[in-house]
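Colleague: I would like a close look at one part of this model, with the cut-offs spelled out as you go.

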Amino acid sequence: MTDTAPPDWLLTADSRLVIIDVQDRLLAAIDEATRVVANCEKLVRAAQRLGIPVAATEQNPAGIGPTTAPLAALVPLRFAKVHFSAAREADFLAWAAGGGTLVLAGTEAHVCVLQTALGLRALGLRVAVVLDATGSRQAGSREAAFDRLRAHGVELVTVEMVLFEWLERYDRPEFKEVLRLIK
């Protein structure tokens, strides 16, 4: 038996977290928006504690507004976008191509998250979408997005899957702090 993690795991040294369009004017219409924001915050706090690069995207921030305050305070690197797919924005794409699996969360599952994930996959990048940190206005649209992502080879994960894979082991110094995020 070796101490080598399987290649499909999300590892701290090989991940980037992307919070997509979690903006107040969008959140006002999102089903279970409070859950989405809370779970995005858990991911961001864990990523920061573990040294994982984090960025956010903002759809038309001049018209829709910036990233919601609780996340904006934690994520200084934000990319404005005009395309629904962040994968079509050169500055974001340059950051995203910096290496590792792109772990996506945010809104809306069936528009910007879906198009970004599919665009990144088409470019040969590994992508995982966090189910319980992603939302849409209607539950049916959210589920349809997950079906389509699955069909196109995008990994679908949960917040706890991500955090425990990032941690890998209980004897890391960050374990108790990250564990508190989900308890």
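How many bridges join S2 to S3?

Modeller: Four bridges join S2 to S3, and the two strands run parallel. Two strands pair if DSSP finds at least two bridges between them. Ala56 has Arg78 of S3 as its bridge partner. Note that this is a predicted model, where local features need pLDDT of at least 70, side-chain atom pairs count only at pLDDT 80 or more, and totals for chains, interfaces and linings use all residues. Residues are numbered from 1 along each chain as its sequence is written, and side-chain values use heavy atoms, leaving out hydrogens and water.

Strand S3 covers residues 78-81, and its side chains alternate. Phe79 and Lys81 point to one face and are buried. Arg78 and Ala80 point to the other face and are not buried. Buried means under 20% relative accessible area, exposed over 50%, and partly exposed in between (1.4 Å probe, protein chains only). Helices (H or I, at least four residues) and strands (E, at least two) are DSSP runs, numbered from the N terminus.

Now the core. S2 (54-59) supplies at least two residues of the largest nonpolar core, as do S1 (15-20), S4 (101-107), S5 (127-135), H2 (33-50), H8 (159-167) and H9 (175-182). That core has 36 residues. A nonpolar core is a set of buried Ala, Val, Leu, Ile, Met, Phe, Trp, Tyr and Cys residues joined through side-chain atoms within 4.5 Å. H2 gives the largest share, nine residues. Leu17, Ile19, Leu43, Val130 and Trp166 have the most contacts inside the core. Leaving aside neighbours within four places in sequence, Leu17 is in contact (heavy atoms within 4.5 Å) with residues including Leu43, Val54, Ala55 and Trp166.

Next, the helices around H2. The axes of H2 and H8 come within 10 Å and cross at roughly 5 degrees. Axes are lines fitted to C-alpha atoms, for helices over the stretch in contact, with angles from 0 to 180 degrees between N-to-C directions. H2 and H8 are therefore roughly parallel; angles under 35 degrees count as such, over 145 as roughly antiparallel, 65 to 115 as roughly perpendicular and the rest as oblique. Among the residues that meet are Leu43 of H2 and Trp166 of H8. The axes of H2 and H9 also come within 10 Å, but cross at roughly 175 degrees. That makes H2 roughly antiparallel to H9. Arg45 and Arg49 of H2 are among the residues making this contact, as are Glu177 and Leu181 of H9.
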